[in-house]
Structure formats: C-alpha cells, structure tokens
Amino acid sequence: MFFKLKKIDWLMVAILAIFMIMSTLLVHSAIAPYLPDFKNYDLKTLMFYGLGFALVFGMSIVDYRTLLRYSWYIYGTGCLLLVLVFLFAPEINGARSWFKLPGGLLFQPAELVKIILIMTTAYLLGKREGRLLSFHRDIIPISAVTLLPFILVLIQPDLGNAIIYLVVLCAMLWIGNTKYSHVLIGLTLLVTFLIVFVTMFNIYNQQIHDYLDDKGKLHWYQRINTFINPDEASNDAKHQSSYAQIAIGSGGLIGDGFLQGELKNKRFIPYPYSDSIFVVVGEEFGFLGSSVLLLLYFLFLYRMIQIALRCIDKRGAFIIIGIAAMFLFQIFENVGMMIGLMPITGITLPFISYGGTSLLLNMLCIGLVFSIKLHQEKYEVD
C-alpha cells in the first residue's frame, strides 16, 4: 500500500491543500455579515476537507476496475436515489434535491450521480476500445443512460446539475472517438435548438412568465430573461448579476482586502458563501487574487490530463476526461455567471464554494483519478 501511495500526484494534493485554505478563509469572510445565521460554516468547510482527504487516499488504493464491473448496479442505485429524493425529501429553496441527515447535514444525490454517470459512460465507451462510435449501437444507448437521470434531476428542479450531465456526456463522446459527421449533426441540432428556444421565449414571453409564476417557479423565468433580455429585466431580476459585476469590478487590481468587501458586507451579494463566492475573491483580492485562483485550476486540470494521456486502460482515460470536463464547465459557468457571460444557474465553484456533498464528491473524484494512476496494469474488457 505504501508503494502505491508514493505514486500519487503530490502536486495535486498540494493544490487541494491550498484550495482548503482559500475556501475556509473565503467562506469565513462571506458569512461574516450574516452571523449568527451561518455560524461555523467555515469550520464545517475545514471538517469536510478533512473527510475529503480521507476519501482521496482511501479511494486511491481501491482498484477502480472493480467498481467498473458493477457499473450497472451502481447506476441503478443512483437513479433510485434520485427518485426517492424527489418523492420524499423536503422542499428546500424551491427544490426537492436534498436528504436531511442527522446533525443538520444535507445529502444531494444529484452530485453523486455525476461520478456514477461518468463511470457508466466510461464502461460503455471502453467496450469500443477506441474504435469509431456507431450512432445506433453506441451513441444512442450511451445518451439514453444520461437522459434518465437528466430528466429526474430536471424535475426536482435542478437545472445546473442537469446541464452538467449533458456537458459531461458530450465531452466523453468526443474523446470516445465520435465521427465528425455526428459531431456536425449534433452542433447543428444544438444551434437550431438555441435559436428556436430564444425566438419562442421572446414570442411567448408573457405567457411563460404567467405560467411559471403560477407554478411558483418565477425565478426560472427571471434568470433566463435576465440573460436573454438584460435591458428588459427588472432591477430585482438583475440584482445578483448586476451587483456581482459591480463588486468584482470595484476590487480593481489587488482588491479591498480580507473581510473588507463593501458590497458583500452590506449584504448586496446573495449566497456569497456558495454560488457567489467568486465575487468575494474578486472584491477582496482583486484581479491578482482571481488570476491566482484560475491559474491553480488550470494547473490542477493540466495534471489530470497528463495522467489521462499516460493511461493504458482507455476506460481510465475516459473517466478522467469526464471528471476534468465536469470541473472545467463548473468553473466556466460559475465565473461566467458572476461576470455576466453566462446565465445564473446555481452551479457552485469546485473546491471553493461551501457545500458538504459537493466537496466530498469532488474529493472522491480526485481519489478516483489517483486510483486510475495507481492501477494501470494490462486489462481485459469485461
């Protein structure tokens, strides 16, 4: 076991330790104006990181190929959890997405299903061993595997995680050797869908507003309308996006200083410890602090890609690419929605935002990456 642990990528472990320090300090700053409502969120972040590091090293010594053999059972368990959380979980922030656990902890099955989908898709792609994917025999069945949890998460409703499922699917199909003609067809369908969606949204704008308002989902309309028609959106609808951009811009080159963010301290920034934590980085540490964080992300993902390129087992490479695509999209979406490039979706910033389930699942993903690095003997496809 000691010999295996020596092969772990210790630079990635060091970056995780830096993320831990940054996240704890940023959450501490973010909750300061809201005390005692969010008391000890910073200490809980530290505790979750402690559990997360145990997960990383524990998962590293488990042979990931053992888990791949039980992909379908794990996939079925994940879908069952999504059904149970929708039927029996209490409504929190307008969604039935979290099980309440003892000690006031929350568990979000949609987060766990991300890694389950990545492993199931890698298992199916691995059977092709790098050969060109067939549309009927490969792409349709693999897409169907993603479609079921996508629908189950969408009805909770949890648009952010649902979109991540689709992004991961596209990335893994691409790396799995999809024909260029199929990629072109997919891009054409995507562009057509977006054009039709925006057109229909503007034509039936008032009807959509009234329908979602009647269903108690007006925040869905406001988020989409603020992104598509920013000039027409109300001040309330533009609140998060507008103040986030002002706060980040006010940070300038070096920021206002730790705990000194003016807009954050005056409570103009919703959810500064969670979705909007990048605003705290921008306002208190400025352009330099934001750049350091993004460079750390870049180095972290670069190391993951290097491990994927050295994989003998293509299934391992597929899993790592799926995980890297998931992190990359979450970073792009979270930072993008804070600077006005992307719509507000509620996607958190990996390893930095407060959130026990999200952090532990992210750490589990890194443990899986290390497991793949440590177990690269020759194999036979099941």
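# Reading turns, helices and cavities

User: Where does Tyr271 lie?

Analyst: Tyr271 sits in the loop between H13 and H14, helices being DSSP runs of H or I with at least four residues, numbered from the N terminus. This is a predicted model, in which local features need pLDDT of at least 70 and side-chain atom pairs count only at pLDDT 80 or more, while totals for chains, interfaces and linings use all residues. Residues are numbered from 1 along each chain as its sequence is written, and side-chain values use heavy atoms, with hydrogens and water left out.

User: Which sign does the phi of Tyr271 have, and how is the accessibility of Tyr271 classed?

Analyst: Tyr271 is not a glycine, yet its phi is positive, at about 50 degrees. For accessibility, buried means under 20% relative accessible area, exposed means over 50%, and partly exposed is in between, with a 1.4 Å probe and protein chains only. Tyr271 has a relative accessibility of 40%, so it counts as partly exposed. Arg267, also a non-glycine residue, has a positive phi of about 65 degrees, and its place is in the loop between helix H13 (262-265) and helix H14 (277-309). Arg267 is partly exposed too, with a relative accessible area of 45%.

User: What kind of peptide bond joins Leu35 and Pro36?

Analyst: That bond is cis, with an omega of about 10 degrees, and Pro36 belongs to the loop between H2 and helix H3 (41-60).

User: At what angle do the axes of H2 and H16 cross?

Analyst: An axis is a line fitted to C-alpha atoms, for helices over the stretch in contact, and angles run from 0 to 180 degrees between N-to-C directions. The axes of H2 (residues 10-31) and H16 (residues 356-374) come within 11 Å of each other and cross at roughly 170 degrees. H2 is therefore roughly antiparallel to H16, a term for angles over 145 degrees. Contact means heavy atoms within 4.5 Å, and here it involves Met12, Val13 and Leu16 from H2 with Met363, Ile366 and Phe370 from H16. In this contact there are six nonpolar residues, no polar and no charged; Ala, Val, Leu, Ile, Met, Phe, Trp, Tyr, Cys and Pro count as nonpolar, Asp, Glu, Lys and Arg as charged, and the others, Gly among them, as polar.

User: How many cavities of 30 Å³ or more does a search of the whole structure find?

Analyst: Rolling a probe the size of a water molecule over the atoms shows where empty space is left. A cavity is a set of points, on a 1 Å grid over the protein atoms alone, where a 1.4 Å probe fits but cannot get out, and lining residues have an atom within 4 Å of a point. Grid points are joined across faces, edges and corners, and a volume is the space filled by probe spheres set on them. The search finds four such cavities, of which the largest has a volume of about 60 Å³. Its lining includes Lys114, Thr121, Tyr165 and Met172, and H8 contributes the most, five residues. The residues of that lining are seven nonpolar, two polar and one charged.

User: Is Glu111 buried or exposed, and which residues does Glu111 touch?

Analyst: Glu111, a residue of helix H6, is buried, with a relative accessible area of 8%. Leaving aside residues up to four places away in sequence, Glu111 touches Asn161, Thr357, Ser358 and Leu361. Ser358 is also one of the residues that line the second largest cavity, which holds about 40 Å³ of space.

Key:
On a 1 Å grid over the protein atoms alone, a cavity is a set of points where a 1.4 Å probe fits but cannot get out, and a pocket is an open set with protein on both sides within 12 Å along at least five of seven lines; lining residues have an atom within 4 Å of a point. Helices (H or I, at least four residues) and strands (E, at least two) are DSSP runs, numbered from the N terminus. Angles under 35 degrees count as roughly parallel, over 145 as roughly antiparallel, 65 to 115 as roughly perpendicular and the rest as oblique.
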